[in-house]
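Subject: Handing over the two-chain model

Hi there,

Here is the structure I promised to pass on. Please have a look at it first, and then read on for what turned up.

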Amino acid sequence: MGNTLMTSPAGLDLIDGISRHLNEPEWACTFRREAWRRFMETPIPSPKHEHWRRTDISHLNLDSLAPSVPGSSPALPAWLEDVIRGRSRRIGGTLAFSDGAPVYNHIADSVRRSGVLFADWAEAIQRHPDAIRRALEGADYDPADEKLTAMARAYATGGAVLIVPRGVKVTLPLRTFFTVDGARAVFPHTLVILEEGSRVTLLDGMLSPDLSTPVFGSGVADLILGEGAELTYVLFQQWGRGMEYFHHQRAVLGRDSHLTTITVALGASVSKATIESVLCSPGAVSDMLGVVFGDGDQHFDHHTVQMHMVGNTTSDLLFKVALDERSYSAYSGLIRIDLGAQRANAYQRNENLVLSRHAHAETLPNLEIEANDVRCTHGATVAPVDPEQIFYLMSRGLAPRDAKRLIVEGFLQPVLDRISAKSLRDMVSEKVDQKIASRRL
Amino acid sequence: MSQPLLEIRDLHVAVDGKPILKGVNLTIHRGEIHALMGRNGSGKSTLAATLMGHPRYEVTRGEVLFEGQNVLEMEVDERARAGIFLAFQYPVAIPGVSVANFLRSALKSLHGEEMSAREFRNALKAEFKALHMPDGFASRYVNEGFSGGEKKRLEIVQMGMIKPKLAILDETDSGLDIDGVRIVSENVNRIASEDTGVLVITHYQRILRYIRPHFVHVMVGGRVVRSGDESLAHELEQRGYDWILQEVGAEEKTLQEVG
């Protein structure tokens, strides 16, 4: 694509260059510089750290990685155009980014007219600087992920911003797609702000073909739900092999708001994500769902956090993992209920279906509960396919491979069924089924 | 006489190394209804599972021919494609897989060609209606959260969609109330054509009032020890199994003395 890539260590000049290119106000540039300082000052996580015990990145030379120089102008890759146009019916808007630059946008008139802002970073920061500033200033750095999230915040060039005004209910789902097309590193950033009583569904897609040279990615998603807001957020990860991708998603839930997050992880060689819901006002409800399907040598590491800071809040979680061949998945989930967060309800369930003798699943629930009047349950299973199910299906004529495929699809389906927007559900289900069908099983 | 549909010769089967079937002989022709009766543990369900090819059941001796073909060399799905159907005593749940999706996949595997979506929907609807089940079951996950009776009815819905050459009903009557037994039986009679072979496995005579067998066999200790017509079932109903056990015991004793 004719990008010039940075090969030397990035400096403040690069940070300022990105900020200038995006025409950012000074506070945004200051914010970037601060992120960059934290990135430089924080050591690369050690595999001795609990959070990094299962995914060792100490070999990565992060200082040598930087975004594509702003000003390069990538085009929309043809395959991505097919993805976008393949299922464009009943979609309210789509933004696409390649190598960190916006390459496509289309927003339905009905969505535009309702006052929704759905735009790339440069446009959004011109139109809604105050809202974005408030959101960024409220963004915390999780100490365990600080190195990589600071890197993402410093280097994010493209990035999508969605702001839904008070009371607006967007019926058609929105989509963003991030891809790489020659860059060595990618830093997706998604910021979603739902004002009071608004409602929207967003699919955040991270995808590419298989990559002939390794690519590094670090992404951040900030989700902010105002009072009574309802957000369905689908993180759809189907990076090609060759990608090592790290993601930190943090949702802050206001009073009586309702968040549903659906994490779908199919791709990348290595992917590690922290998915966090912070329930900081009464009445907030967080439903976290996840689907992972691994094959080959894929490595997945998901960490979820259900953080109850106040009482009368509810969180539920269901993470389903199916693993074939030599793939690996670690799931660790923290339920934290602060002192004084009485009458909080928190549930967590992780199920692993292991399809091959060489695949391996780990599950690590963790509860930190300081309040005494709470309801909290958690459970986890790791099991192979039930031979009685195979026998039953085969007795109806299904070949062993088809029987297994049906069982895996069925295992994952209840999570996919929770994507209420049919156009998105069909797209995601199709991708999942395609990956299952491509296996010999 | 024409070639039998199913021929079981001197079948010996072990589970985890323990012999369960000890020389079963049974022949079923097209259009015949056979009842296999016996107490718990006599080996009836072992025979059913073995005919379908459950991997836990090890055939140590004997042979099974279906339309002249050696069934024991066939995989489970090949047996299904050959026309053998087993209505399970304990059907398993397949979470996340709808009844409609499951049956579509099954029919595609069995017959190769695909039915049109509409034809399929209508056929399934008709089967549900016949079994007095709401259509809504089509979109429910297979057997998940079904009552015992609903599971048994769904087995017969499947039989109706699949239309096998040989239907083995493994205690389909257990878990059904009187109406359930009648509805299920009427449907088995409807689905079974004059070419279908049916093997009804049961403890009780109840279901045989509706599905009237041409032959009744009694299994004891892993072997068929008595065969007769419908009247044998009535006799069992009246007198229980003990008299057969005694007779068989006496015969074995005589055999041993002679041998």
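Which side chain of chain A does Glu155(B) meet in a salt bridge? The partner is Arg396(A), with an N to O distance of 2.6 Å. Please keep in mind that this is a predicted model. The count of salt bridges between chain A and chain B is one, alongside 10 residue pairs in polar contact across the interface, both residues at pLDDT 80 or more.

On the chain A side, helix H8 (387-394) and helix H9 (400-416) are the elements that give two or more residues to the surface touching chain B. H9(A) gives the most, with seven residues. By type, the residues on this side divide into 11 nonpolar, five polar and three charged.

As for the interface as a whole, 19 residues of chain A are in contact with 33 residues of chain B. About 2,000 Å² is buried between the two chains, and carbon and sulfur atoms give 68% of that area. Arg396(A) turns up again here: together with Phe391(A) and Tyr392(A), it loses the most area to chain B on the chain A side, the three making up 41% of what that side buries.

Chain B also has an open sheet of four strands, in the order E2-E1-E4-E5 with antiparallel pairing. Its edge strands are E2 (18-28) and E5 (69-70). Strand E1 (residues 6-15) pairs with E2(B) over eight bridges, and Leu11(B) stands opposite Val24(B) in E2(B). Helix H1 (residues 44-52) of chain B lies across E1, E2 and E4 (57-66), at about 110° to E1(B).

Best wishes

Methods:
Residues are numbered from 1 along each chain as its sequence is written. Chains are lettered from A and ligands numbered from 1 in the order in which they are written. This is a predicted model: local features need pLDDT of at least 70, side-chain atom pairs count only at pLDDT 80 or more; totals for chains, interfaces and linings use all residues. Side-chain values use heavy atoms; hydrogens and water are left out. Contact means heavy atoms within 4.5 Å. Buried area is the accessible area (1.4 Å probe) that two parts lose on being put together, summed over both. A salt bridge is a side-chain nitrogen of Lys or Arg within 4 Å of a carboxyl oxygen of Asp or Glu. A polar contact is a pair of N or O atoms within 3.5 Å; within protein, one must be able to donate a hydrogen and the other to accept it, and residues adjacent in sequence count only if both atoms are side-chain atoms. Ala, Val, Leu, Ile, Met, Phe, Trp, Tyr, Cys and Pro count as nonpolar, Asp, Glu, Lys and Arg as charged, and the others, Gly among them, as polar. Two strands pair if DSSP finds at least two bridges between them. Axes are lines fitted to C-alpha atoms, for helices over the stretch in contact, and angles run from 0 to 180 degrees between N-to-C directions.
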